[in-house]
Amino acid sequence: MKATARRPVVIIGAGPVGVMAALLLARHGVRSLLLERHQDIYPLPRAVVVDDEIRRILQSAGVHEEFAALARPAPGLRLLDAGRRVIAEFPRSMHGHHGFPQTSMFDQPELERLLRDALARRPECELWSGVEVVSVTQSVARDTDGPNDPTGPVRVTLRRDGSDEEEHLWADAVLGCDGAGSLTRDAIGAVWEDLHFEESWRVIDVRTSRPVRTWEGAEQICSPTRPATFMRVSEDRYRWEFRLADDQNLEGPDGWERLRELVAPWVDLPPDASPGNDFEVVRQAQYTFRARLADRWRSGRVFLLGDAAHLTPPFVGQGLCAGLRDAQNLTWKLARVLQRGAREGLLDTYERERKPHARHVIRVAVAVGWAMTGGQDRGAAFRRAVVGTACRIPGVTAAVGRDLSPALTAGPLVRRRPRLTGRMLAGTFCPQPWVRHDGRRVRLDDVLGESFAVLTAVPPTAQMTAVATALGAPTIRVDDLGDDGTLAGWLARGRADAVLLRPDRVVMDTVSAGTSDFTDTVAWAPLLHTARHTADARPA
């Protein structure tokens with residue numbers, strides 16, 4: 001049995017979530033080692049859609065331009081009845097709040113390849129492929145947050161390249177990005193909470209040069225007998241998802257004929273046709289769509305991310321998105337603890353913020369799933385009728401789209417203000433318009449950098465400057481950015497003169513209009529280990 005040197009962070013699983021976590025940690029100067037049991041990326045398509053918030057995370061990782069070259073913006077989602085008549089449409093903008101198209105279609109192997117290429121360019125990141133992780137064990141150490149908190153080094157036991165010899169790694173933190181069958185989840189004693197959705201669906205990815213009758217967005221067929229999802233992924237790539245009965249398999253001598261009948265509403269295939277160059281089935285897979293949430297996401301310095309922490313039906317395209325949000329939320333906090341002595345309590349905010357958000361998104365996906373299928377009982381038609389009626393109410397479909405990324409739950413890093421003070425900005429994302437910087441037109445985050453930032457519509461006060469200095473945050477006047485008025489208008493609607501932005505661009509604190517101070521430094525400063533720098537910062 002061999003032991004190797006201690007690592008700052010070990011990441012188990014080098015899928016998109018694990019690699020993104022490594023890239024974001026590298027951005028903060030934290031070294032990481034990724035352990036992946038496969039020798040290369042999985043070559044077949046899985047996830048096919050991300051939203052504008054995820055495009056912004058890709059920007060943080062420095063790969064948004066490469067992703068733009070392979071992504072296809074899409075106009076939204078339609079719910080159709082069994083006769084393919086539109087029940088409801090959920091439009092998506094080509095320029096969302098985060099500065100990117102609100103829906104982008106892509107091929108997951110292409111995304112994984114560009115993430116791996118970016119990983120190879122970062123000296124802070126190391127990838128070991130062909131590694132089987134055998135166990136994860138959290139040590140116990142006394143910490144200032146309480147007696148015997150398990151915040152000591154974490155031991156990871158592994159085998160390389162099919163060897164029977166076990167090796168030990170020691171890490172300051174371990175991120176479990178190892179999927180639905182997560183060993184890391186078992187290691188921390190987490191169990192699934194069932195959110196009551198489980199259906200078996202057949203996913204079919206096709207490449208074809210034949211004419212396809214398609215809307216440029218995603219279509220979801222609401223039918224109790226044959227619900228389906230269809231979308232064009234790229235120039236010649238398409239995806240169908242069907243809920244089929246157990247006896248309706250697509251294998252065997254009659255499989256091609258059944259497939260031809262399933263896709264007939266979209267593409268004409270002659271009866272005597274067979275799979276070939278003009279209609280190539282890239283992948284067929286049977287999936288059980290589930291809605292589940294791990295009851296705990298952290299034990300000491302061991303964390304769960306992505307499918308290890310939550311599973312969602314794919315009906316609103318948020319499965320991969322949720323995992324990448326996990327990486328964005330956790331990495332800057334972990335970097336702050338490892339590098340700048342922030343309190344362990346800062347890491348508690350990861351689950352506190354992300355878990356309610358993930359639960360909400362899963363519930364939206366389940367609701368859309370029930371709208372599609374309605375179940376198979378006597379109330380199915382009634383439920384679909386109710387959904388159709390509700391979606392015709394002005395503003396409902398726009399609200400559903402916005403609710404895919406609601407404001408974070410109130411906590412030490414999100415100090416929600418009473419509604420009497422105006423619209424609450426805390427816990428929401430700062431918009432990202434195009435701005436002018438050093439004579440160039442760039443996106444806002446390229447100016448803000450990788451740490452905290454203060455955006456202000458008024459001359460900075462002494463307290464604003466003290467807070468910015470304590471956090472190493474630039475103070476930026478919105479009038480100096482040369483945007484289209486987006487930022488000034490956003491602050492005015494929120495009745496704020498200034499905001500303090502976290503590294504993930506969530507508003508952490510505000511200076512209410514007509515006042516001079518951030519209002520909640522006594523709540524967040526101790527967690528960030530900045531209390532000694534903000535003694536003069538008092539709550540308003």
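# Working through the fold

Strand S11 (residues 167–176) runs antiparallel to S10, and 5 bridges join the two. Strands here are DSSP runs of E with at least two residues, helices are runs of H or I with at least four residues, and both are numbered from the N terminus; two strands pair if DSSP finds at least two bridges between them.

Before you start: this is a predicted model, in which local features need pLDDT of at least 70, side-chain atom pairs count only at pLDDT 80 or more, and totals for chains, interfaces and linings use all residues. Residues are numbered from 1 along each chain as its sequence is written, and side-chain values use heavy atoms, leaving out hydrogens and water.

## Exercise 1: Follow the strands

Trace the neighbours of strand S10 (residues 154–160).

Step 1. Look at strand S9 (residues 131–138): S9 and S10 pair in the antiparallel sense, over 7 bridges. Gln138 has Val154 in S10 as its bridge partner.

Step 2. Now check S11, where Ala171 stands opposite Val154.

Step 3. Close the loop: S10 and S11 form a hairpin with 6 residues between them, and Asp161 in the turn has a positive phi of about 50°.

## Exercise 2: Find the sheet edges

Which strands stand at the edges of the open sheet, each with a single partner strand?

Step 1. Write down the order of the 8 strands: S6-S5-S13-S14-S15-S12-S16-S19, with mixed pairing.

Step 2. Read off the edges: strand S6 (86–91) and strand S19 (310–311) each have a single partner strand, so one side of each has no neighbour in the sheet.

Step 3. Zoom in on one pairing. Strand S5 (residues 76–80) and strand S13 (residues 218–221) run parallel over 4 bridges, with Arg78 opposite Glu219 in S13.

Step 4. Stay with Arg78: its charged end sits over the ring of Trp215, 4.1 Å from the centre. (That label needs NZ of Lys or CZ of Arg within 6 Å of the ring centre and within 35 degrees of the ring normal.) Arg441 and Trp434 are set up likewise, with the charged end 4.3 Å from the ring centre.

## Exercise 3: Map the cores

Which residues have the most contacts inside the largest nonpolar core?

Step 1. Get the terms straight. A nonpolar core is a set of buried Ala, Val, Leu, Ile, Met, Phe, Trp, Tyr and Cys residues joined through side-chain atoms within 4.5 Å. Buried means under 20% relative accessible area, exposed over 50%, and partly exposed in between (1.4 Å probe, protein chains only). A contact means heavy atoms within 4.5 Å.

Step 2. The largest core has 118 residues, and Leu35 and Leu175 have the most contacts inside it. Helix H8 (residues 345–373) gives the most to this core, with 11 residues.

Step 3. Another core, of 20 residues, lies apart from it, and includes Ile204, Val212, Ile221 and Leu250.

Step 4. Leu35 touches, among others, Ile12, Trp128, Val133 and Leu169, leaving aside residues up to four places away in sequence.

## Exercise 4: Sort the aromatic pairs

How are the rings of Phe197 and Trp370 arranged?

Step 1. Use the cut-offs: rings of Phe, Tyr and Trp (its six-membered ring) pair if their centres lie within 6.5 Å; planes under 30 degrees apart count as stacked, over 60 as edge-to-face and the rest as tilted. The whole structure has 17 aromatic pairs.

Step 2. The centres of Phe197 and Trp370 are 6.2 Å apart and their planes at 85°, so this pair is edge-to-face.

Step 3. Place them: Phe197 is in strand S12 (residues 192–208) and Trp370 in helix H8, 173 residues apart. Phe197 is buried at 4% relative accessibility, while Trp370 is partly exposed at 35%.

Step 4. Trp240 and Trp266 are edge-to-face too, at 6.1 Å centre to centre and 70° between the planes. Both are buried, and ring pairs link them with Phe230, Tyr238, Phe242, Trp256 and Phe279 in a cluster.

## Exercise 5: Enclosed helix, shaky loop

Is helix H12 (residues 462–471) largely enclosed or exposed?

Step 1. Of its 10 residues, 7 are buried, so H12 is largely enclosed by the rest of the structure. Among the buried ones are Met464, Val467 and Leu471.

Step 2. The packing partners of these buried residues include helix H7 (319–340) and strand S24 (496–501).

Step 3. Check confidence. pLDDT, the predictor's confidence in each residue from 0 to 100, averages 87 over the chain, but stays under 50 over residues 143–148 and residues 531–540. Low pLDDT means that the predicted coordinates should not be read in detail.
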